[in-house]
Amino acid sequence: MAFEDLLEDPVVQKYLNELVGPKGMPVAAAPPDGEVTDEELAERLGLELNDVRRALFILYENDLAMYRRVRDEDSGWLTYLWTFEYDNIPGNLHDEMVRLLDALEDRREYEEMNEFYLCEVCSIRFEFGEAMDLGFECPECGSELDAMGNDAIIDAVDDRIDALRSDLGVTT
Ligand SMILES: [Zn+2]
């Protein structure tokens with residue numbers, strides 16, 4: 001996928017936005033061709049240098065940017081030359097989806113294995129064991145806790161699991 005198409009994908013935009021936040025988004029959304037310094041990026045994008053550095057570092061931690069250091073012969077200062085590695089975005093997204101799918105499958109099992117009690121006043125949910133320890137009385141307001149079905153939650157989790165599995169091409 002070309003960079004431009006990749007960056008127009010709403011899933012990719014959301015992913016980058018969650019990584020770097022709104023302040024880092026101008027950096028993440030405009031990957032330059034070739035090497036660039038943080039100062040150049042800050043100037044080009046009209047951003048605070050700290051915001052640029054923060055975004056670059058987050059991208060680096062997520063394998064989406066690399067740098068090499070060059071020492072200026074005269075001043076001795078180190079310059080960091082950054083390269084964006086957006087070829088890794090599809091792989092990262094895939095890994096994220098696999099992690100999310102695992103978490104949803106754990107959640108489903110937890111919902112299936114447990115019975116829940118609810119304080120309707122406070123909208124707090126308790127596992128059966130907790131509710132029993134509390135004498136089926138809400139610790140916040142003293143109301144009686146009622147048994148609560150969780151079929152709707154399980155259905156919603158199932159829908160998300162199905163959608164993710166189909167996106168990932170998992171058939172099991
Ligand atoms: Zn309550």
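**View 1. Aromatic pairs in the predicted model.** This is a predicted model, and a search for ring pairs in it comes up with ten aromatic pairs. One of them is Tyr 117 with Phe 128, a tilted pair with 5.9 Å between the ring centres and 45 degrees between the planes. The two rings come from distant parts of the chain: Tyr 117 sits in strand E3 and Phe 128 in helix H6, eleven residues apart. Tyr 117 has a relative accessible area of 14%, so it goes down as buried. Phe 128 comes in at 33%, so that ring is partly exposed.

**View 2. An aromatic cluster and a charge over a ring.** Phe 57, Tyr 60, Tyr 67, Tyr 80 and Trp 82 gather into one aromatic cluster. Elsewhere, what lies over the face of Phe 116? It's Arg 125, at 3.6 Å from the ring centre.

**View 3. The zinc site.** Four cysteines supply the protein donors of the zinc ion here: Cys 119, Cys 122, Cys 138 and Cys 141, each through SG, at 2.2 to 2.3 Å from the metal. Why is the arrangement called tetrahedral? The four donor atoms subtend angles of 105 to 115 degrees around the zinc ion, and the call requires all angles to lie between 85 and 135 degrees. For reference, the ideal angle for four tetrahedral donors is 109.5 degrees. Read along the sequence, the donor residues follow the spacing C-x2-C-x15-C-x2-C. Cys 119 and Cys 138 tie together distant parts of the chain: Cys 119 belongs to strand E3 (residues 116-119), while Cys 138 is in the loop between helix H6 (128-133) and strand E5 (146-148), 19 residues apart. Are these two cysteines buried or exposed? Both Cys 119 and Cys 138 are buried.

**View 4. Strand E3 and its two partners.** Zoom in on E3 and you can sort the side chains by direction: Phe 116 and Leu 118 point one way, Tyr 117 and Cys 119 the other, and all are buried. So what does E3 pair with? Strand E4 runs antiparallel to E3 and is joined to it by four bridges, with Cys 119 standing opposite Ile 124 of E4. Strand E5 is antiparallel to E3 too, through three bridges; there, Phe 116 has Met 148 as its bridge partner. Two residues from earlier views turn up again in this strand, namely the zinc donor Cys 119 and the ring of Tyr 117 that pairs with Phe 128.

**View 5. The turn between E3 and E4, and another positive phi.** E3 and E4 make a hairpin with four residues between them. Which residue in the turn has a positive phi? That's Ser 123, at about 55 degrees. Ser 123 lies in the loop between E3 and E4 (124-127), and its relative accessibility is 60%, so it counts as exposed. Most residues other than glycine have a negative phi, which is what makes this kind of backbone angle worth a look. Asp 63 is another non-glycine residue with a positive phi, about 60 degrees, and its place is the loop between H4 and E1.

**View 6. The E1–E2 hairpin.** Strand E1 (residues 65-71) and strand E2 (residues 78-84) pair antiparallel over seven bridges. Within that ladder, Val 70 is matched with Thr 79 of E2. Six residues separate the two strands in this hairpin, and Gly 76 in the turn has a positive phi of about 80 degrees.

**View 7. The largest nonpolar core.** This core holds 24 residues, and those with the most contacts inside it are Leu 16, Leu 59, Phe 84, Tyr 86 and Ile 89. Which elements give two or more residues to it? They are helices H1 (3-8), H2 (10-29), H3 (38-45), H4 (49-61) and H5 (89-113), plus strand E2. H2 puts in the largest share, with seven residues.

**View 8. Met 132 in helix H6.** Met 132 is found in helix H6. With a relative accessible area of 47%, it ranks as partly exposed. From Met 132 to Asn 150 you count 18 residues in sequence, and the C-alpha to C-alpha distance in space is 18 Å.

Methods: Residues numbered from 1 in each chain as written. Predicted model: local features only at pLDDT ≥ 70, side-chain atom pairs only at ≥ 80, totals over all residues. Heavy atoms only, no water. Pairing = 2+ DSSP bridges. Donors = N, O, S within 2.8 Å, 3.2 Å for Na, K, Ca; no water. Tetrahedral: all angles 85-135°; square planar, octahedral: opposite > 155°, others 65-115°. Buried < 20%, exposed > 50% of the residue type's maximum accessible area, 1.4 Å probe, protein only. Core = buried A, V, L, I, M, F, W, Y, C linked by side-chain atoms within 4.5 Å. Phe/Tyr/Trp six-rings, centres within 6.5 Å; stacked < 30°, edge-to-face > 60°. Lys NZ or Arg CZ within 6 Å of the ring centre and 35° of its normal.
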